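Me: I should like to study the protein shown below by means of short questions. Please reason through each reply and end on the value or name requested.

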Amino acid sequence: MWTAAGGAQAASLALLLGALHAWPACGQEYDYYGWQTEPLHGRSYSKPPQCLDIPADLALCHTVGYKRMRLPNLLEHESLAEVKQQASSWLPLLAKRCHSDTQVFLCSLFAPVCLDRPIYPCRSLCEAVRAGCAPLMEAYGFPWPEMLHCHKFPLDNDLCITVQYGHLPATAPPVTKICAQCEIEHSAEGLMEQMCSSDFVVKMRIKEIKLENGDRKLIGAQKKKKLLKPGPLKRKDSKRLVLHMKNGAGCPCPQLDSLTGSFLVMGRKVDGQLLLMAVYRWDRKNKEMKFAVKFMFSYPCSLYYPIFYGAAESH
């Protein structure tokens with residue numbers, strides 16, 4: 001049986017673990033959670049587990065509700081440096097507030113609470129977060145990653161972390177009704193972070209918008225395009241630039257209410273399609289936008305977004 005030291009730790013554990021469904025009887029072994037059994041993704045650990053304070057620069061999990069984490073974690077990261085690098089790729093998803101338990105779920109894997117045995121998220125928690133966040137990820141061309149396939153996690157009748165805030169809609173973070181691609185980042189840092197996670201950035205005019213199978217297609221005007229970050233785009237590709245705004249037909253995008261003037265668009269190339277990730281009205285008087293465009297190539301993208309979503313799959 002595991003133990004927790006101190007009332008503060010016990011309180012944070014109660015918040016995190018919620019209802020634990022099946023405590024192991026005395027002498028009964030749960031091989032799924034045993035340290036010597038096969039890890040979640042099949043890699044053997046080279047050193048025994050240790051408990052560490054969750055560092056302040058592990059932004060994904062520093063505010064999760066408990067102070068100490070187990071290392072190696074449940075994604076087989078054996079150093080804090082590796083945890084920080086891989087976890088940073090998930091900060092954009094956390095910021096989108098696609099599900100109120102996103103942080104609990106991700107941190108149960110990246111920074112698992114420090115107990116005598118590892119405690120995995122329940123399959124139902126994975127499925128709830130996936131249901132809320134996978135459509136958003138897919139709109140940006142990111143599939144739900146293999147490392148988070150929900151069948152890998154235990155059923156709720158085992159000892160695991162259940163849905164927390166998802167049962168309390170009154171206290172859940174608000175989810176915007178504006179299309180995800182149209183959410184405005186006013187700060188230069190926010191703009192540059194969006195640029196980091198995009199394959200290409202273009203200043204352009206939009207000729208027309210068409211609706212197609214629940215998506216919007218933004219068709220660029222023939223002239224007055226400037227490839228600020230070409231990425232996979234060639235100059236010949238910009239002659240007829242068509243951007244696909246996934247699931248964009250059923251949500252408002254204030255920036256596109258009028259097509260007059262120029263736009264700053266960012267996107268990714270996925271399966272031959274150019275997917276829109278963000279769109280802003282170009283404003284030459286906006287100092288934040290001008291600063292972001294000027295210094296976009298000097299921003300340390302590799303530090304914050306090493307491999308955007310699903311970075312930890314590369315073991």
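Me: What share of the contacts with a separation of 6 or more comes from residues 24 or more positions apart?
Reply: The model is a predicted one. A contact here requires heavy atoms within 4.5 Å. Among the contacts in the protein with a separation of 6 or more, the share from residues 24 or more positions apart is 72%.

Me: How many helices and strands does the protein have, and what percentage of its residues count as buried?
Reply: The protein has 8 helices and 9 strands. A residue counts as buried under 20% relative accessible area. Of the 315 residues, the portion that counts as buried is 49%.

Me: What part of the accessible surface belongs to carbon and sulfur atoms?
Reply: The accessible surface of the protein is about 15600 Å². Of this area, the part that belongs to carbon and sulfur atoms is 53%.

Me: Which helix gives the most residues to the largest nonpolar core?
Reply: In soluble globular proteins, nonpolar side chains tend to be buried together. The largest nonpolar core here has 45 residues, and W90, F105, F110 and W144 touch the most other members. At least two residues of this core come from each of β2 (68–71), α2 (80–88), α4 (102–110) and α5 (123–139). With 7 residues, the element that gives the most is α5.

Me: How many residues does the second, separate core have?
Reply: This core is separate from the largest one, and its members include L218, M245, L256 and F263. Its number of residues is 20.

Me: How many of the 9 residues of helix α6 are buried?
Reply: Helix α6 covers residues 188–196 and is mostly covered. Its buried residues are A188, G190, L191, M192, Q194, M195 and C196. The number of buried residues in α6 is therefore 7 of 9, under the cut-off of 20% relative accessible area.

Me: Which residues of strand β5 lie on the side that holds L218?
Reply: Strand β5 (residues 215–220) is mostly covered, with 6 of its 6 residues buried. Both faces are covered, and one side consists of D215, K217 and I219. The other side, also buried, consists of R216, L218 and G220.

Me: Which residue in the turn between β4 and β5 has a positive phi?
Reply: Strand β4 (residues 206–212) pairs with β5 in the antiparallel sense over 6 bridges, and E212 stands opposite D215 in β5. The two strands form a hairpin with 2 residues between them. The turn residue with a positive phi, about 55°, is N213.

Me: Which residue of β7 stands opposite L218?
Reply: Strand β5 is also joined to strand β7 (residues 242–245) by 4 bridges, and these strands run antiparallel. Opposite L218 stands L243.

Me: Is Q164 buried or exposed?
Reply: Q164 is placed in the loop between α5 and α6, and its side chain reaches the backbone oxygen of T162 at 2.9 Å. Its relative accessible area is 13%. Because this value is under the cut-off of 20%, Q164 is buried.

Me: How many residues apart are C51 and C114, which form a disulfide?
Reply: The structure holds 7 disulfides. In one of them, the sulfur atoms of C51 and C114 are 1.4 Å apart, and with -45° about the S-S bond the link is left-handed. The pair links C51 in strand β1 (residues 50–53) with C114 in the loop between α4 and α5, and their separation in residues is 63.

Me: Which residue of this pair, C51 or C114, is buried?
Reply: C51 has 35% relative accessibility, so it counts as partly exposed. C114 has 9% relative accessibility. The buried residue is therefore C114.

Me: Is the disulfide of C122 and C160 left-handed or right-handed?
Reply: The disulfide joins C122 to C160 with an S to S distance of 1.9 Å. C122 is buried, with a relative accessible area of 0%, and C160 is buried with 0% as well. The torsion about the S-S bond is about 90°, so the disulfide is right-handed.

Me: Where in the chain is C150, the partner of C126?
Reply: The sulfur atoms of C126 and C150 are 2.1 Å apart, and the link is left-handed, with -80° about the S-S bond. C126 is in helix α5, 24 residues away from its partner. C150 is in the loop between α5 and α6.

Notes:
Residues are numbered from 1 along each chain as its sequence is written. This is a predicted model: local features need pLDDT of at least 70, side-chain atom pairs count only at pLDDT 80 or more; totals for chains, interfaces and linings use all residues. Side-chain values use heavy atoms; hydrogens and water are left out. Buried means under 20% relative accessible area, exposed over 50%, partly exposed in between (1.4 Å probe, protein chains only). Accessible areas come from the Shrake-Rupley method with a 1.4 Å probe; for residues, only the protein chains shown count as cover. A nonpolar core is a set of buried Ala, Val, Leu, Ile, Met, Phe, Trp, Tyr and Cys residues joined through side-chain atoms within 4.5 Å. A polar contact is a pair of N or O atoms within 3.5 Å; within protein, one must be able to donate a hydrogen and the other to accept it, and residues adjacent in sequence count only if both atoms are side-chain atoms. Two strands pair if DSSP finds at least two bridges between them. A disulfide is a pair of cysteine sulfur atoms within 2.5 Å.
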